[in-house]
Amino acid sequence: MCLGGGMVAIWLWAGCNPEIEPEPLGEETTPFEGDAAGECSNGADDDQNGYFDCDDIGCWNSPDCDTTEPTVPPPAGTTPSPPPVTTPPPPSTTNDCNDAEPPLICDLRTVSLTYYVYFDYHLLLTPCLVALQGDGVFESSDGRWSVHLGTWGFNEALTSCNAEKDAFQTWAGSAYHSFYFSDDGDFLYDWYSHRDIDDADEEGDPVFYITEMDVPFDASLDAPVAVWEYEEPLPGGYTFVGDLIHQFTVTFGH
């Protein structure tokens with residue numbers, strides 16, 4: 001599956017897969033919070049998934065929820081299980097930061113990240129979510145690049161899409177996570193998740209990446225966090241079909 005928009009380049013599953021099609025239209029659809037006026041502010045759990053109003057993912061785009069931090073709900077009828085506990089490899093001693101500026105980027109020893117892609121269909125198709133997650137420990141850095149070795153994969157417990165699943169299930173296991181920062185370390189620019197150490201670019205195979213995020217970052221915090229959110233029409237430019245809503249969150253530890 002290949003997604004992109006504007007100045008941002010987002011590649012999923014190492015390329016486009018023309019065989020992946022949206023779920024077919026059906027006579028019945030599953031109701032979701034926010035599919036009718038007033039459902040994002042009525043104090044009720046309209047789709048009965050345990051989340052109310054602005055805490056429900058269906059209300060992310062509602063004007064009633066502009067100042068509310070969204071909570072990603074589990075698929076209807078399921079109970080999400082916690083991410084599997086992984087034992088990352090010991091941190092590498094590789095460090096090219098002896099004279100690097102800013103030095104705090106070189107102190108990012110651990111990382112955890114989530115990437116949610118929400119398919120907000122506007123017609124009869126049921127909106128759904130694809131969730132991915134990863135982690136890692138320090139591998140190397142030069143003051144602007146920070147590379148971590150850990151895991152990357154598909155979170156089936158949180159994913160409610162069906163037709164879209166196949167594009168994300170092909171890669172689960174070990175991965176490098178490479179992050180590129182501004183010269184002063186105040187902005188996170190790019191992220192690449194790649195299997196081979198030398199594949200931290202848009203031509204890597206396979207590779208997930210988001211470029212030109214330009215999100216503020218403060219490496220001096222105990223647990224620095226960067227959050228990137230982006231909304232675009234579904235591929236093909238058919239705005240009447242729906243939108244793709246991306247949310248990428250990365251948390252580092254010193």
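This is a guided tour of a predicted model, stop by stop, with what to select and what is there.

Residues are numbered from 1 along each chain as its sequence is written. In this predicted model, local features need pLDDT of at least 70 and side-chain atom pairs count only at pLDDT 80 or more, while totals for chains, interfaces and linings use all residues; side-chain values use heavy atoms, with hydrogens and water left out.

**Whole chain**

Start with the protein chain in cartoon view. It holds zero helices and eleven strands. Helices (H or I, at least four residues) and strands (E, at least two) are DSSP runs, numbered from the N terminus. The pattern along the sequence is β-β-β-β-β-β-β-β-β-β-β. Of the 254 residues, 46% count as buried; buried means under 20% relative accessible area, exposed over 50%, and partly exposed in between, with a 1.4 Å probe and protein chains only. A contact is a pair of heavy atoms within 4.5 Å. Among contacts between residues at least 6 apart in sequence, 57% join residues at least 24 apart.

**The largest nonpolar core**

Select Phe119, Phe179, Trp191, Phe248 and Val250 next. These residues have the most contacts inside the largest nonpolar core, which has 33 residues. A nonpolar core is a set of buried Ala, Val, Leu, Ile, Met, Phe, Trp, Tyr and Cys residues joined through side-chain atoms within 4.5 Å. Elements giving two or more residues to this core include strand E3 (110-121), strand E4 (128-141), strand E6 (173-181), strand E7 (187-194) and strand E11 (242-253). E3 supplies the largest share, six residues.

Now center on Phe179. Leaving out residues up to four places away in sequence, Phe179 touches Val111, Arg144, Trp145, Ser146, His148, Leu188, Asp190, Trp191, Phe248, Val250 and Phe252. Apart from the 33-residue core lies another core, of six residues, among them Tyr116, Tyr118, Leu158 and Ile245.

**His148**

From Phe179, move to His148, one of the residues that Phe179 touches. His148 sits in strand E5 (residues 145-154). Is His148 buried or exposed? His148 has a relative accessible area of 0%, so this residue counts as buried. What does its side chain reach? Show the backbone of Leu108: the side chain of His148 comes to the backbone oxygen of Leu108 at 2.8 Å. This is a polar contact, meaning a pair of N or O atoms within 3.5 Å; within protein, one must be able to donate a hydrogen and the other to accept it, and residues adjacent in sequence count only if both atoms are side-chain atoms.

**The salt bridge**

Another residue touched by Phe179 is Arg144. Select Arg144 with Asp183: their side chains meet in a salt bridge, 2.6 Å from N to O. Arg144 is in the loop between E4 and E5 and Asp183 in the loop between E6 and E7, 39 residues apart, which links distant parts of the chain. A salt bridge is a side-chain nitrogen of Lys or Arg within 4 Å of a carboxyl oxygen of Asp or Glu, and a search of the whole structure finds one. Arg144 is partly exposed at 23% relative accessibility, whereas Asp183 is exposed at 52%.

**Strand E8 and the loop after it**

Select residues 207 to 210. Val207 and Tyr209 point one way from E8, Phe208 and Ile210 point the other way, and all are buried. E8 runs antiparallel to E7, and four bridges join them; two strands pair if DSSP finds at least two bridges between them. To see one bridge, display Tyr192 and its partner Tyr209.

Then go to the loop between E8 and strand E9 (215-216), where Glu212 is found. Asp214 lies in this loop too. Most residues other than glycine have a negative phi. Phi of Glu212, however, is positive, near 55 degrees, and phi of Asp214 is also positive, about 55 degrees. Glu212 is partly exposed at 39% relative accessible area, as is Asp214 at 44%.

**The disulfide**

Finish at Cys128 and Cys161, joined by a disulfide with S to S at 2.1 Å. The structure holds one disulfide, defined as a pair of cysteine sulfur atoms within 2.5 Å. The angle about the S-S bond is 95 degrees, and the link is right-handed. Cys128 is in strand E4 and Cys161 in the loop between E5 and E6, 33 residues apart. Both cysteines are buried, with Cys161 at 0% relative accessibility. As a last step, draw the C-alpha distance from Cys161 to Leu129: 5.6 Å, for residues 32 apart in sequence.
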